[in-house]
Amino acid sequence: MPEIKTVGVAGCGTMGAGIAIVAARAGFETIVYDTRGEALAAARAQSEAFFRKSVERGKLKAEEVPAIMGRWTGTTRIEDLAACDAIVEAVFEDLDVKHGLFAQLNKVCPPHTIFASNTSTISITEIAGGSGRDDRFVGMHFCLPAQLMKLVEVSPGLNTSEQTFVSAWEFCKALGQNPVRTKDSPGFILNYFLIPFNNDAIRLVEQDVAEPADIDKAIKTALGYAMGPFELLDLIGMDTQLLLCEAMHGLTNEPRAACPPLVKRMIAAGHLGRKSGRGFHVYKAGKMFGA
């Protein structure tokens with residue numbers, strides 16, 4: 001299997017934009033695909049702001065930024081992903097949407113291109129079944145915010161070849177990430193715990209036990225978490241949290257995975273989190289986490 005040199009990221013929402021930062025920063029030619037030109041422009045501006053902040057914090061040299069952003073290319077043409085050796089999908093947690101995207105990619109990309117999904121709840125085997133190349137398909141679940149978090153859950157489907165898994169594993173290490181192997185089971189490791197945990201925090205607010213800021217403070221102070229549950233939920237987005245809950249609850253029937261009513265009310269009010277400037281907390285719109 002050819003060496004991975006050019007990486008595609010399909011979808012430039014919060015997660016996709018973060019994965020693109022990781023790839024370009026690690027030295028890979030990175031092609032970011034989205035059907036929305038305005039989303040690509042916003043992701044590029046947010047990425048540049050993130051790198052400027054990285055320079056201010058001494059994490060990056062100023063002269064490195066132009067080279068990194070020179071490796072970052074945005075496109076609304078799916079055909080441009082034909083140049084990629086590996087493509088990481090980061091679109092909505094909807095099986096039909098993912099199947100539609102991978103069916104298009106299978107027609108565009110050469111046989112050697114590895115397909116990976118960043119899904120955190122849907123079966124890798126099920127997604128791979130609609131890809132046209134289930135032997136060259138693997139799960140690569142990055143953690144939010146991808147540009148800061150090092151963990152990647154690497155999950156083979158039932159038909160994933162060992163060669164594909166090894167290539168994906170080595171690719172993660174070349175990105176500077178820390179991969180862990182998981183089975184193709186709902187939620188893998190992280191979200192098996194995290195989705196019910198976040199829902200429990202939301203229910204504390206619904207029951208007027210405490211305010212989101214105080215719950216975040218308690219969790220960070222007592223448990224040593226870098227982010228509180230409501231900071232993380234605002235980063236994920238209420239619309240995404242709803243999809244995660246529906247997928248996880250549908251697969252497991254775990255009561256704690258069922259979406260709390262407050263999430264749906266917040267979506268109706270347009271309080272989606274960072275992406276809208278207001279969720280459980282209020283934000284300056286347009287800033288990427290860490291920028």
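This passage walks through the sheet, a surface patch and the cysteines of a predicted model.

The sheet comes first. It is an open one, built from 8 strands with mixed pairing. Read across, the strands run in the order E3-E2-E1-E4-E5-E6-E7-E8. Strand E3 (72-75) and strand E8 (178-181) sit at the edges, each pairing on one side only. Direction aside, neighbouring strands in this sheet are turned against each other by 25 degrees on average. At the E3 edge, the partner is strand E2, which covers residues 29-33 and pairs with E3 in the parallel sense over 4 bridges. Within that pairing, Val-32 stands opposite Gly-74 in E3.

Past the other edge strand, attention turns to the surface. Ile-189 lies in the loop between E8 and helix H7 (190-206). Together with Tyr-192 and Phe-193, Ile-189 makes up a nonpolar patch on the surface, and the three share about 350 Å² of accessible area. Ile-189 itself counts as partly exposed, since its relative accessible area is 41%.

That leaves the cysteines. The model has 0 disulfides, going by a cut-off of 2.5 Å between sulfur atoms. For Cys-84, the closest cysteine sulfur belongs to Cys-109 and is 6.5 Å away, so the two are too far apart for a bond. The gap is 11 Å for Cys-172, whose closest cysteine sulfur is in Cys-143, and this too is too far for a bond. Cys-84 is buried, with a relative accessible area of 1%, and Cys-172 is also buried, with a value of 0%.

Note on methods. Residues are numbered from 1 along each chain as its sequence is written. This is a predicted model: local features need pLDDT of at least 70, side-chain atom pairs count only at pLDDT 80 or more; totals for chains, interfaces and linings use all residues. Side-chain values use heavy atoms; hydrogens and water are left out. Two strands pair if DSSP finds at least two bridges between them. Helices (H or I, at least four residues) and strands (E, at least two) are DSSP runs, numbered from the N terminus. Axes are lines fitted to C-alpha atoms, for helices over the stretch in contact, and angles run from 0 to 180 degrees between N-to-C directions. Patches are made of residues with over 30% relative accessible area and no salt bridge: like charges are joined within 9 Å, nonpolar side chains (Val, Leu, Ile, Met, Phe, Trp, Tyr) within 5 Å. Accessible areas come from the Shrake-Rupley method with a 1.4 Å probe; for residues, only the protein chains shown count as cover. A salt bridge is a side-chain nitrogen of Lys or Arg within 4 Å of a carboxyl oxygen of Asp or Glu. Buried means under 20% relative accessible area, exposed over 50%, partly exposed in between (1.4 Å probe, protein chains only).
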